[in-house]
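Thanks for coming. I will put the structure up and then go through a few of its details in turn.

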Amino acid sequence: MGSSLKFALGAVWGKDLPSGEVLSSLKSRVLSAFHDLVNRKDPSWLGWMDLPDQEVDGVMEAADWLRGFDAFVQVGIGGSALGNLMLHQALIGDIEMKTAKPCFYLADNPDPMKLQEMWKDLEGRRFALVGVSKSGSTAETTSQFMWFLDKLKGSYDSVLLITDPEGGIFRKFVNETGCRSLPLRSDVGGRYSVLSPVGLLSAAALGIPVDQLLEGARAMRDGLISQGDFDRNPAMRLAACHLYHEISQRPMAVMMPYSSRLERFSEWFAQLWGESLGKEGRGTTPIRALGAIDQHSQVQLYMEGPDDKFFTIIDVAFPQDVAIPQASSEALKSLDYLAGKGLGEMLRKEAMATASALAGAGRPVMWIQMERLDPRSLGELIFFYQFTTAITGLAMGVNPFDQPGVEQGKRYTYGLMGRPGFEEEAERAERAFDVISSEVL
């Protein structure tokens, strides 16, 4: 496919290879899902497939505007937040982000302690407020938006909203105040929105070349769509593996990159996977892990605990390495076998060792090799998992683009917080909670 990603599938089945009949059924279901997706059988939620082709002039102009502030706060949650953190960590790094100009703050969880900590940093500085919500009715987002808006003391010139271009509370606010806005397509769901202005604006403001992100996503999309041969298409092959492990009582999918820069990629993946597939009693639970840290906290369970997980290990080639020096004392002489080798080299060998140990124990393992971690390759990885998730959901027979379970919790929150029209939802929530809290020790 000409990608910087390489997919190794030699150990994806684990110790129990599917029979020819089962494999044929898996292949048929995945191929059908692939064709439904590529032919846009239901286009209502497929705007994310067009995002790699979008013009980014509006995003770049807004990013230039943000760079005129000391800091900016993005208010959003779930798909309106996780993708930003993932892009920043992967392409800038956690340490460098602390000194980035402008400073970036994310108001996602409505935790008053976190909000007050942010305000301690922000008070007295000139900051912009970016609100992200398709409708503007998400309680966690709008409550924090209102709090920061109050701190701006009516300065709508410092506000930008990323929202539906036509309807919703946030769009009404834009029309009323004349504040800046960027459109969030109605056919792009939150967890598929990282390559829209939702993720691109903050990335561009912080200096990430978003055109290269889109270039990588476009290359991956075109390569996957053009390769209709099941045996040569890694997204179809991986979807079939996940489907097989789900029906084979392996209800967990472990994502384990061997780079600290991809820790938040696992968080982003967890929402994409869990919210897309967890419906009608189907789906597998995403598990976030980080190599080599979780070799010392989880691999014991992975190796000798229940055989109920499908593992994906991502190995990353580091552009620069840090050499391990010679031992400086007699007590450390036994460690001289490490001298002259690189820490990155060791981390990659650890990834290989973990994958080999898991496969040797009969556990199913998918190996992804990233030749580099840069905007283009990250764009490839993002689109690959969006595409794979969509195919897997369709092959399972669920809609990978809605989230009815999330909506029920939202309705209960509206009712409990006193939103007009949701009184019955408040009563249902209170009755349910009475049962939960009926026995207190």
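Look at R419, whose charged end sits over the ring of Y414, 4.4 Å from the ring centre. Keep in mind that this is a predicted model. A second arrangement of this kind involves R126: its charged end sits over the ring of F69, at 4.2 Å from the centre.

Now the aromatic pairs. The count comes to 24 aromatic pairs. I will show two of them. F127 and F148 are edge-to-face, with 6.4 Å centre to centre and 75° between the planes. F127 belongs to strand β4, residues 127–132, and F148 to helix α6, residues 139–151, so this pair ties together parts that are 21 residues apart in sequence. Are these two rings buried or exposed? F127 has 4% relative accessibility and counts as buried. F148 is at 0% and counts as buried as well.

The other pair is F145 with F170, and this one is tilted: 5.1 Å centre to centre, 55° between the planes. F145 is in helix α6 and F170 in helix α7, residues 169–177, so parts 25 residues apart in sequence are tied together by the pair. F145 is buried at 3% relative accessibility, and F170 is buried with a relative accessible area of 3%. Elsewhere, F7, F265, W268, F269, W273, F384 and Y385 form one aromatic cluster.

On to the sheet. What is the strand order in the open sheet of five strands? The order is β1-β10-β9-β7-β8, and the pairing is mixed. At the edges stand β1, residues 5–11, and β8, residues 285–288; each has a single partner strand, so one side of each is left without a neighbour in the sheet. From one strand to the next the twist averages 20°.

Within that sheet, β7, residues 252–257, pairs with β9, residues 309–316, in the parallel sense over six bridges. To pick one position, A253 has F310 in β9 as its bridge partner.

Two helices can be placed against these strands. Helix α11, residues 263–277, lies across β7, β8 and β9, and runs at about 175° to β8. Helix α13, residues 343–360, lies across β1, β9 and β10, the last of these being residues 365–370. The angle between α13 and β9 is about 160°.

Next, a strand pairing that involves β2 and β3. Strand β2, residues 71–75, runs parallel to β3, and five bridges join them. A71 stands opposite C103 in β3. How many of the five residues of β3, residues 103–107, are buried? Five of the five are, so the strand is largely enclosed by the rest of the structure. In a regular strand the side chains alternate between the two faces of the sheet. In β3, C103, Y105 and A107 point one way, F104 and L106 point the other way, and all are buried.

Two single residues, then. T388 is in helix α14, residues 375–396. T388 is buried, with a relative accessible area of 0%. Setting aside neighbours within four places in sequence, T388 is in contact with A235, L238 and A239.

P183 is in strand β6, residues 180–183. At 46% relative accessibility, P183 counts as partly exposed, because that category covers values between 20% and 50%. Residues up to four places away in sequence not counted, P183 touches T163, P165 and P197. P183 and V398 are 215 residues apart in sequence, and 28 Å apart in space from C-alpha to C-alpha.

I end with the chain as a whole. There are 16 helices and ten strands. With 441 residues, a compact globule would have a radius of gyration near 22 Å; the chain has 23 Å, which agrees. The C-alpha trace spans about 65 × 60 × 60 Å along its principal axes. Of the 441 residues, 50% count as buried. What share of the contacts with a separation of 6 or more comes from residues 24 or more positions apart? Such residues account for 78% of those contacts.

Technical notes
Residues numbered from 1 in each chain as written. Predicted model: local features only at pLDDT ≥ 70, side-chain atom pairs only at ≥ 80, totals over all residues. Heavy atoms only, no water. Pairing = 2+ DSSP bridges. Helix = DSSP H or I, 4+ residues; strand = E, 2+ residues; numbered from the N terminus. Axes fitted to C-alpha atoms, helices over the stretch in contact; angles between N-to-C directions. Contact = heavy atoms within 4.5 Å. Phe/Tyr/Trp six-rings, centres within 6.5 Å; stacked < 30°, edge-to-face > 60°. Buried < 20%, exposed > 50% of the residue type's maximum accessible area, 1.4 Å probe, protein only. Lys NZ or Arg CZ within 6 Å of the ring centre and 35° of its normal. Rg over C-alpha atoms; globule rule 2.2 N^0.38 Å.
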